[in-house]
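Dear colleague,

Please find below the structure that I am handing over to you, with its sequence. My findings follow directly after it.

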Amino acid sequence: MTRSSAYFDYNATAPALPEVAEAVARVMIEGGNPSSVHGSGRRAHARVEEARRKVAALIGAAARDVIFTGGGTESNALGLKGLIATQKIERLIVSPTEHPSVLDLVKAVDVDVAFVPVDSDGLVERDAFCTLLESDQKTLVSIMLANNETGVIQPIRDFAKIAKGAGAFIHTDAVQAAGKIPVNFEDLGVDLLTLSAHKLAGPQGVGALVLKSGLALAPLTHGGGQELGRRSGTENVAGIVGFGMAADIALGKIRKNISSKDLRDGLEAALLAAAPEAVIIGAGAPRLPNTILIGLPGVPADAQIIQMDLAGFAVSSGSACSSGKVSRSHVLDAMNVGDALAGSAMRISLGWGTDEEQISGFLDAWINMRNRLSQHPATKHAPGASNAPVEGEARVAS
Ligand code: PLP
C-alpha cells in the first residue's frame with residue numbers, strides 16, 4: 001500500500017516557496033553590497049528597499065520603520081534590549097507562554113520582571129494584566145500575537161490600549177501570526193513588532209523589527225551604521241529579497257482569504273471523531289488557521305512523533321525551536337493543562353504545500369498510531385488505518 005507522506009511542521013519552519021528560493025539564488029549570484037556606490041551596490045540597495053516596502057505592506061507599517069535583522073530571535077532582543085536602554089525601562093511584563101527568545105532574554109536583563117498569568121486556553125488574563133500595570137515603574141510589556149505551540153491568538157489591540165493608557169510601552173512577537181492572519185501594525189497600536197521570514201515561506205536567518213515612528217532604539221551591533229544605525233552589519237540582501245517576496249505572496253493570499261483553515265478544520269474534526277478521548281488544546285480561544293495542538297492523554301508525545309515520522313509525517317511537540325528534543329512545554333505548564341495531557345501534546349501545523357491527499361494520508365497514519373499506542377478501543381477509519389500492533393512494539397500505558 002502506498003501512503004502519501006508529508007511535512008506538517010510549518011510552525012517550526014515553512015519550506016521556502018520555489019519562486020522565493022530561485023530569487024534568493026539569483027541575488028546571491030549577482031551579489032552587491034548596498035553600501036557600495038557603484039552600480040552593483042546601487043542595485044543591491046534598491047532591492048533591499050523594495051523588499052522593505054513589501055514587508056511593511058504585509059503588516060501595514062511605514063517602510064522606514066522596518067529594520068531588517070537576522071531573524072525573530074534577534075528582533076526580539078533588539079526590540080526589548082534596545083528599548084530598555086533608551087527608555088530607561090525598570091520593569092518588563094511578559095506572558096509565561098512567550099517564545100524562549102523572550103523568556104531567556106528576560107533573565108539576562110537587569111530590570112524587574114513580572115509574569116502575567118494565562119488561562120487554561122492560553123489567553124492572558126486581562127484583569128491580572130491591568131493590575132500589574134498599576135505601577136510607578138517605567139514598564140515595557142511583551143506579549144506574543146500568536147503562540148507557536150497552540151496557535152492561540154492574543155487580543156493585542158486591546159492589551160496595547162491598556163498598556164498605553166497606563167503609560168507603558170508594548171512589544172508583540174508576531175512571528176507566527178504574520179502571513180497567516182491579517183496583521184496591522186498601526187491598528188494594533190504597539191510600539192514594536194517582531195517578524196521572521198522563515199515562518200512565512202521565506203529564507204531562514206532573516207527577520208525584521210518594526211518600530212513605531214520616532215521611537216529611539218539602542219542598537220545591539222555597532223559599525224557600519226546600516227539600517228539607519230539601528231542594526232550595523234552588511235545586509236543579507238538575498239535573504240531580504242526572499243523575505244520581501246514571501247511577504248508579498250502571503251499578503252496576496254490574505255487579501256484573497258486563502259488559508260489552510262478549511263483543511264485544518266476538516267482534519268481536526270476527523271481526528272476528534274476517530275478518537276473521542278483526544279483533546280484540542282486552546283480550542284476555546286481564537287487560533288491560527290493552520291495549527292492544531294492535540295493531546296492523547298497518557299500517550300507520550302515522543303512515541304507519537306516517532307510513529308508519525310516512521311509513517312512519513314513530520315510533526316513536533318513542545319516549542320518549535322526545541323523540535324528534536326522532546327522537553328516539557330513551558331506553554332502547557334503555564335496553561336495548567338495537567339501532566340497527562342501536556343506530556344501527550346503533538347503539534348500539527350499546515351502550510352502552503354498541504355493538500356487534501358496529504359491530509360487524508362495523515363489521518364490514516366494518526367489513527368493507526370493512536371490505535372497502536374493507546375488503550376482506547378480501536379477506531380477503524382480509512383483502508384490505511386490498522387489497529388494491529390506491530391511485532392515487537394510495546395504498547396504504551398495511558
Ligand atoms: N518567536 C516565535 C513565536 C517563534 O515561533 C520563533 C521561532 O520558532 C521565534 C520567535 C524565533 O524566530 P527565528 O527562528 O527567526 O529566530
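The largest pocket of this predicted model has a lining of 24 residues, and those that lie nearest its centre are G179, K253, S260, G351 and W352. The space in this pocket comes to about 430 Å³. Sorted by class, its lining holds 15 nonpolar, six polar and three charged residues. Helix α8, which covers residues 237-255, supplies the largest share of that lining, with five residues.

Two residues in loops next to helix α8 deserve a remark on their backbone. In general, most residues other than glycine have a negative phi. L228, which is not a glycine, has a positive phi near 55 degrees. Its place is in the loop between β8 and α8, and L228 is exposed, with a relative accessible area of 69%. N257 is not a glycine either, and its phi is positive at about 60 degrees. This residue lies in the loop between α8 and α9 (261-274). The relative accessibility of N257 is 69%, so the residue counts as exposed.

R231 also belongs to the loop between β8 (207-211) and α8. Is R231 buried or exposed? Its relative accessibility is 19%, and the limit for a buried residue is under 20%, so R231 counts as buried. The side chain of R231 forms a polar contact of 2.7 Å with the side chain of E74.

I turn next to the ligand. There are 15 residues around it, and G72, T73, D173, S196 and K199 come nearest. The residues of this shell divide by class into four nonpolar, nine polar and two charged. Which distances separate polar side-chain atoms from oxygen atoms of the ligand? The values are as follows.

- Q176: a polar side-chain atom lies 2.8 Å from an oxygen atom of the ligand.
- H198: an N or O atom of the side chain is 2.9 Å from an oxygen atom of the ligand.
- H99: the corresponding distance, from an N or O atom of the side chain to an oxygen atom of the ligand, is 3.4 Å.

The ligand taken alone exposes 390 Å², of which the protein buries 92%.

The search for enclosed space covered the whole structure. Rolling a probe the size of a water molecule over the atoms shows where empty space is left. How many cavities of 30 Å³ or more are there in the whole structure? The search finds one. The largest cavity contains about 30 Å³ of space. Its lining is formed by T97, G122, N147, T150, V152, Q154, V331 and M335. By class, three of these lining residues are nonpolar and five are polar, while no charged residue is present.

Three further positions complete the account.

D9 is located in the loop between β1 (6-7) and α1 (18-30). With a relative accessible area of 8%, D9 is buried. Its side chain is joined to that of S316 by a polar contact of 3.1 Å.

R26 has its place in helix α1. The relative accessible area of R26 is 53%, and the exposed class begins over 50%, so R26 is exposed. The C-alpha atom of R26 is separated by 49 Å from that of D339, and these two residues are 313 residues apart along the chain.

A166 is found in the loop between α6 (156-165) and β6 (169-173). Why is A166 classed as partly exposed? The relative accessible area of A166 is 37%, and the class takes in residues between the 20% limit for buried and the 50% limit for exposed. The C-alpha atoms of A166 and L133 are separated by 6.3 Å, and the two residues are 33 residues apart along the chain.

In summary, the points that I would place on record are the pocket of about 430 Å³, the ligand with 92% of its exposed area buried by the protein, and the cavity of about 30 Å³. To these I would add the positive phi values of L228 and N257, and the side-chain polar contacts of R231 with E74 and of D9 with S316.

With kind regards

Definitions and conventions: Residues are numbered from 1 along each chain as its sequence is written. This is a predicted model: local features need pLDDT of at least 70, side-chain atom pairs count only at pLDDT 80 or more; totals for chains, interfaces and linings use all residues. Side-chain values use heavy atoms; hydrogens and water are left out. A residue is near a molecule or strand if one of its heavy atoms lies within 4 Å of it. A polar contact is a pair of N or O atoms within 3.5 Å; within protein, one must be able to donate a hydrogen and the other to accept it, and residues adjacent in sequence count only if both atoms are side-chain atoms. Accessible areas come from the Shrake-Rupley method with a 1.4 Å probe; for residues, only the protein chains shown count as cover. Ala, Val, Leu, Ile, Met, Phe, Trp, Tyr, Cys and Pro count as nonpolar, Asp, Glu, Lys and Arg as charged, and the others, Gly among them, as polar. On a 1 Å grid over the protein atoms alone, a cavity is a set of points where a 1.4 Å probe fits but cannot get out, and a pocket is an open set with protein on both sides within 12 Å along at least five of seven lines; lining residues have an atom within 4 Å of a point. Grid points are joined across faces, edges and corners, and a volume is the space filled by probe spheres set on the points. Helices (H or I, at least four residues) and strands (E, at least two) are DSSP runs, numbered from the N terminus. Buried means under 20% relative accessible area, exposed over 50%, partly exposed in between (1.4 Å probe, protein chains only).
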